[in-house]
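Visitor: Could you take me through the aromatic pairs of this model, slowly and with the criteria made explicit where the reasoning depends on them?

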Amino acid sequence: MTKLEKIAREIRNCKECKKRTSGRAVPGEGNPKAKILFVGEAPGKKEAETGKPFIGRSGKLLTQLLNSIKLGRNDVFITSPVKYYPGMRTPTDKEIDHGKIHLLKQIGAIRPTLIVLLGGVAHKTLIGKVKISDVHGKTLKKDKVIYFSTFHPAAALRFPYIKELMKKDFKKLERLKITATVAIFKQ
Ligand code: URA
C-alpha cells in the first residue's frame, strides 16, 4: 500500500471527519506523483455518493478548464481540505482545521511543485484568509511550492463574469504548468 493509499484509508476511518457530515469519504484522486495539485473546498452530494472528487457540475467545469490547458484529470491530483460532505453549507473553521491535517499529509506524500487553490476555503486553509477576487490569477512561493489562486468552479457556474476570469486564470496557469513540470528549486 502506498503512502497516499494509507492516508486515504485514514480518512475513510476518521471519526473526527464523520462527526457532522454524511456520505462516503472523498480523499481525492489523480496521479499520485502529480506536479500539480488542485485543492477545492468540500465534496458535494454527488461526490459523497461516489467517493470521487469533483464529479458534479463544478467538476465538469474543472475538467473542461483542465482540458483547455492540455491537462487531463489523471495528469494532476484533485482533492479538497474537507473530505466529507458537510451539507449545503460552507465548512466550518473547525472542519477546515481538522481537514488540513489530512491535506498536509497528502501534500507531503505527493510533493507537488504547484498547488492550485480553487476558492476562498482552499486559500484560507493553506495560505490565509483573503478575498479570492483580490488574489485570483496571482502566484505565491512558499516552502519551495508555487501557489496559484483562482476561483472555485461553483462560483464560476453562478456568475458568468467569474467564469470568464477563471478562463483567463487558467491561461496563466498554462504557462506556470511548464515551470511546475520542470521546476528545480534552488532555495
Ligand atoms: N467541490 C469541491 O470543492 N470539492 C469536490 O470534491 C466537489 C465539489
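Guide: A residue is called buried when its relative accessible area is under 20%, exposed when that area is over 50%, and partly exposed in between. With that scale in hand, and bearing in mind that this is a predicted model, we can turn to the rings, of which the structure holds two aromatic pairs.

One of them joins Phe 38 and Phe 170, whose ring centres lie 6.2 Å apart with 20° between the planes, and this pair is stacked. Phe 38 belongs to strand E2 (residues 36-39) and Phe 170 to helix H9 (residues 160-182), so the contact ties together parts that are 132 residues apart in sequence. Both Phe 38 and Phe 170 are buried.

In the pair of Phe 159 and Tyr 161 the centres are again 6.2 Å apart, but the planes stand at 55°, so this pair is tilted; the class follows because planes under 30 degrees apart count as stacked and those over 60 as edge-to-face, with the rest called tilted. Phe 159, with a relative accessible area of 40%, is partly exposed, whereas Tyr 161, at 55%, counts as exposed.

The strand that carries Phe 38 also has a place in a wider arrangement, for six strands form an open sheet of mixed pairing in the order E1-E3-E2-E4-E6-E5. The edges of this sheet are strand E1 (29-30) and strand E5 (139-142), each of which pairs on one side only. E1 pairs with strand E3 (residues 77-79) in the antiparallel sense over two bridges, and there Glu 29 stands opposite Ile 78 of E3.

Methods:
Residues are numbered from 1 along each chain as its sequence is written. This is a predicted model: local features need pLDDT of at least 70, side-chain atom pairs count only at pLDDT 80 or more; totals for chains, interfaces and linings use all residues. Side-chain values use heavy atoms; hydrogens and water are left out. Two strands pair if DSSP finds at least two bridges between them. Helices (H or I, at least four residues) and strands (E, at least two) are DSSP runs, numbered from the N terminus. Rings of Phe, Tyr and Trp (its six-membered ring) pair if their centres lie within 6.5 Å; planes under 30 degrees apart count as stacked, over 60 as edge-to-face and the rest as tilted. Buried means under 20% relative accessible area, exposed over 50%, partly exposed in between (1.4 Å probe, protein chains only).
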